[in-house]
Every structure is written in structure tokens, then in C-alpha cells.
Amino acid sequence: DGGGAALAAERRGAADLDAMARALADLERHQHHPEHGVEHDIAFHLAIAAATHNPFYQDLLQYLNLQLRLAVTTARANSRQLAGMTDAVHHEHVAVFEAIRDRDAPRARLMAESHLRQAASRLRLDSLFPASRQTS
């Protein structure tokens, strides 16, 4: 979520960045076979949660693990159906990573929220993110 990404930008350490970078590199290797990248996609989000150094974010993602896995699997499968979408998804992840790397909490929040809105759109869950909330 945006708050988690912002907190990660403020609190992340070198090891946190390394974990995110490894997950991104693995994702890039599998971006044209999205079903193979599910574990790496989840690893990226877990690395962001770990970078918050707030156990509640980590616990929440562990609690939501099955739902997260299903959502990521479905979103990645949907992305594969549209030309250029896998590249767009990868760029969304990179944008979140770069903001966290740069310790830019407002941009990290914005990029994470944008990624979640796009993922919701790919899952056809747009109604969960009405336009009035998209600017928050």
C-alpha cells in the first residue's frame, strides 16, 4: 500500500534495497512469462513490507498471503493477455523501488498507489478505487 511504501522509503536500509533489487531482477527475467514471476512479485511486496521495519506490515502481508498470491497470479495472467502490459507492470514496480531507494516518501506513496490502482484495473476491480479516492 502507499503508506507502507512511504514508510519503507523513510526506514529502508541497504539490505532492504538489496532484497527489493533481487526481486526486481528476478521479475525482469520472468516478465514475458508472468506465471513464473508470481513468487518474485510477492517477494518484492514482502521486501517493501520488511523495509518498513514495522512488524504489523509484515504480519498483515503474511496474514493476507493466500489472497495476495491469488491476486498477483490473476493480475499477472491478465497482463500477459495485453501487448506491452508486462513491461508496464515491471515499470510500475521499478518506479516504486526507485522512490524508496531515493528516500522519497511522497513519491513512493504515489507510485505504490498508482501500481495498486493499475493492478485493480487489471483485475477488473476498478470500483474498489473510485476516482474520488485516487488523489489521496
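**Entry 1. Salt bridges**

I began with the charged side chains of this predicted model and counted four salt bridges.

I looked first at Asp 26, which pairs with Arg 29; the closest N and O atoms are 1.9 Å apart. Both residues belong to helix H2, and because they are three residues apart there, about one helical turn separates them. I noted the general rule that an α-helix has 3.6 residues a turn, so residues three or four places apart point the same way. Arg 29 is exposed, at a relative accessible area of 57%.

I then turned to Asp 102. Which residues does Asp 102 meet in salt bridges? One partner is Arg 101, with 3.0 Å between the closest N and O atoms. Another is Arg 107, at 2.7 Å from N to O. I followed the links further and found a network of salt bridges that joins Arg 101, Asp 102, Asp 104 and Arg 107.

I checked the accessibility of three members of this network. Asp 102 is partly exposed at 41%, Arg 101 is partly exposed at 35%, and Arg 107 is partly exposed at 29%.

**Entry 2. Overall make-up**

I listed the secondary structure next. The chain has seven helices and zero strands, and from the N terminus on its elements run α-α-α-α-α-α-α.

Of the 136 residues, 40% count as buried. The accessible surface of the chain comes to about 7,600 Å², and carbon and sulfur atoms hold 57% of that area. I also looked at contacts with a separation of 6 or more: residues 24 or more positions apart account for 73% of them.

**Entry 3. Nonpolar cores**

I recalled that in soluble globular proteins nonpolar side chains tend to be buried together. I therefore looked for such groups here, and the largest nonpolar core has 20 residues, as joined through side-chain atoms within 4.5 Å. Met 20, Phe 44, Ile 48, Val 96 and Ile 100 have the most contacts inside this core. Five helices each supply at least two of its residues: H1 (2-11), H2 (14-29), H3 (38-51), H6 (85-101) and H7 (105-122). Which helix gives the most to this core? I found that H2 does, with five residues.

I examined Met 20 in detail. Leaving aside neighbours within four places in sequence, I found Met 20 in contact with Phe 44, Ala 47, Ile 48, Ala 51, Phe 97 and Ile 100.

I also recorded a second, separate core of six residues, which includes Val 38, Ala 49, Leu 68 and Val 72.

**Entry 4. Helix H3 and the residue after it**

I compared the span of H3 with expectation. At 1.5 Å a residue, its 14 residues should span 20 Å, and the end C-alpha atoms are 20 Å apart, which agrees.

I then listed its buried positions: Val 38, Asp 41, Ile 42, Phe 44, His 45, Ala 47, Ile 48, Ala 49 and Ala 51. Phe 44 and Ile 48 had already appeared among the best-connected residues of the largest core, while Val 38 and Ala 49 had appeared in the second core.

His 53 follows H3 and is found in the loop between H3 and H4. What is the sign of phi at His 53? I read a positive value of about 55°, although His 53 is not a glycine. For context, most residues other than glycine have a negative phi. His 53 is partly exposed, with a relative accessible area of 48%.

I found another case at Arg 103, which also is not a glycine and has a positive phi of about 55°. Arg 103 is placed in the loop between H6 and H7. At 44% relative accessibility, Arg 103 counts as partly exposed.

**Entry 5. The N terminus**

I located Asp 1 in the segment before H1. Is Asp 1 buried or exposed? At a relative accessible area of 52%, Asp 1 counts as exposed, because the cut-off for exposed is over 50%.

I then looked for its contacts beyond neighbours within four places in sequence, and these are Tyr 57, Ala 112 and Leu 116. Asp 1 and Leu 116 are 115 residues apart along the chain, yet 7.3 Å separates their C-alpha atoms.

**Entry 6. A nonpolar surface patch**

I finished at the surface. Leu 60, Tyr 63 and Leu 64 make a nonpolar patch of about 330 Å². I placed Leu 60 in helix H4, residues 55-63. Leu 60 is partly exposed, with a relative accessible area of 44%.

Definitions and conventions. Residues are numbered from 1 along each chain as its sequence is written. This is a predicted model: local features need pLDDT of at least 70, side-chain atom pairs count only at pLDDT 80 or more; totals for chains, interfaces and linings use all residues. Side-chain values use heavy atoms; hydrogens and water are left out. Buried means under 20% relative accessible area, exposed over 50%, partly exposed in between (1.4 Å probe, protein chains only). Helices (H or I, at least four residues) and strands (E, at least two) are DSSP runs, numbered from the N terminus. Contact means heavy atoms within 4.5 Å. Patches are made of residues with over 30% relative accessible area and no salt bridge: like charges are joined within 9 Å, nonpolar side chains (Val, Leu, Ile, Met, Phe, Trp, Tyr) within 5 Å. Accessible areas come from the Shrake-Rupley method with a 1.4 Å probe; for residues, only the protein chains shown count as cover. The expected span of a helix is 1.5 Å times one less than its number of residues.
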